[in-house]
Amino acid sequence: MYSNVWDEVINNGNLDEINGTNFDKDITLVYSPESIVGIENFKAYYRNFTTGFSDVKFTIVDLFGQDDKLVKHWKFVGKHTGDFFGMSATGNIVNVEGTTLVKMKDGKIAQEQDFMDNMVFMQQLGIVSSPENVSIIEKLYNDFKTGDIPAVGAVMDTKIVWNEAENFPFADGNPYIGFDAIRKGVFARIGSDWEYWNLTDINLNEMANNKVLATGRYQAKYKKNGAVINLQMAHLWTLKDGKIISFQQYADTKGIVDVMKK
């Protein structure tokens, strides 16, 4: 009965299975800071999952118990395509697993308490950034410094969206889609037009929604006239599943253009 009820509720979105036949009238979801009590409140809570996710696959990996207590090991996979506790759809796919402690009463589900890695769940939703993001971008700048362009490309998503700052000399190709376009439209032109182009004083700042803000300076020498720049810059990187999906440059474009006109 227990397995069938949750299969109907989560996989088939049949919230009507949360009723007085299957659940005790005082069904309690042990929750912090306040538990959720009663069939209608319990149903309202799980409505967030049935409306917030599509392509759902809920699997009970194992279920065992004794007397009126059950332990459930479960997995949940779904795509965030609807409102989820007030959070608009992100299109992110979540793949999490956890354990639920269950108490039965007179053949009905009376209490549940879920245990899962909420940090992983929030990271997959994009609410909390992955702790690996900063180290990925740090390595990227090191690879830039050593000229390991293949390593730079390896960390970029195949459909990365890259934008140079408005009025920057290479912004004529915005947005660059994919690493090959970036390599030809930005990196190759820097190598052709500038004797050197260094990024210095890099400071990385972890931000929400899997973004990393890098601040620092451009130090470069223009080949045609030997003029040099030493200007502030900022890069905003967005990552997903360990890959960079977008880049936005901010820079003193006037300072760069003035040097190129000397």
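**Exercise 1.** Determine which strands helix 3 lies across, and at what angle it runs to strand 5.

*Solution.* Step 1: locate helix 3, residues 118-125; helices (H or I, at least four residues) and strands (E, at least two) are DSSP runs numbered from the N terminus. Step 2: list the strands that helix 3 lies across, namely strand 3, strand 4, strand 5 and strand 6; contact means heavy atoms within 4.5 Å. Step 3: read the direction of helix 3, about 140° to strand 5. Axes are lines fitted to C-alpha atoms, for helices over the stretch in contact, and angles run from 0 to 180 degrees between N-to-C directions.

This is a predicted model, in which local features need pLDDT of at least 70 and side-chain atom pairs count only at pLDDT 80 or more, while totals for chains, interfaces and linings use all residues. Residues are numbered from 1 along each chain as its sequence is written, and side-chain values use heavy atoms, with hydrogens and water left out.

**Exercise 2.** Find the strand order of the open sheet that contains strand 1, and its edges.

*Solution.* Step 1: the order of the 6 strands is 2-1-6-5-4-3, and the pairing is mixed; two strands pair if DSSP finds at least two bridges between them. Step 2: strand 2 (36-37) and strand 3 are the edges; each has a single partner strand, so one side of each lacks a neighbour in the sheet. Step 3: strand 2 is joined to strand 1 by 2 bridges in the antiparallel sense, and T28 stands opposite V37 of strand 2. Step 4: helix 2 packs on this sheet, touching strand 1, strand 2, strand 3, strand 4 and strand 6, at about 65° to the direction of strand 1.

**Exercise 3.** Identify the buried residues of helix 1 and where they sit around its axis.

*Solution.* Step 1: in helix 1 (residues 2-11), Y2, V5, W6, V9 and I10 are buried, that is, under 20% relative accessible area with a 1.4 Å probe, protein chains only (exposed is over 50%, partly exposed in between). Step 2: these residues lie on the same side of helix 1, because they cover an arc of only 105° around the axis; the arc is that of the directions from the helix axis to the C-beta atoms. Step 3: they pack against several elements, including strand 1 (23-29) and helix 2 (39-52).

**Exercise 4.** Decide whether V212 is buried or exposed.

*Solution.* Step 1: V212 belongs to strand 10 (residues 211-222). Step 2: V212 is buried because its relative accessibility is 0%. Step 3: among the residues touched by V212 are V134, L204 and W237.

How values were computed: Lists of a residue's contacts leave out its neighbours within four places in sequence.
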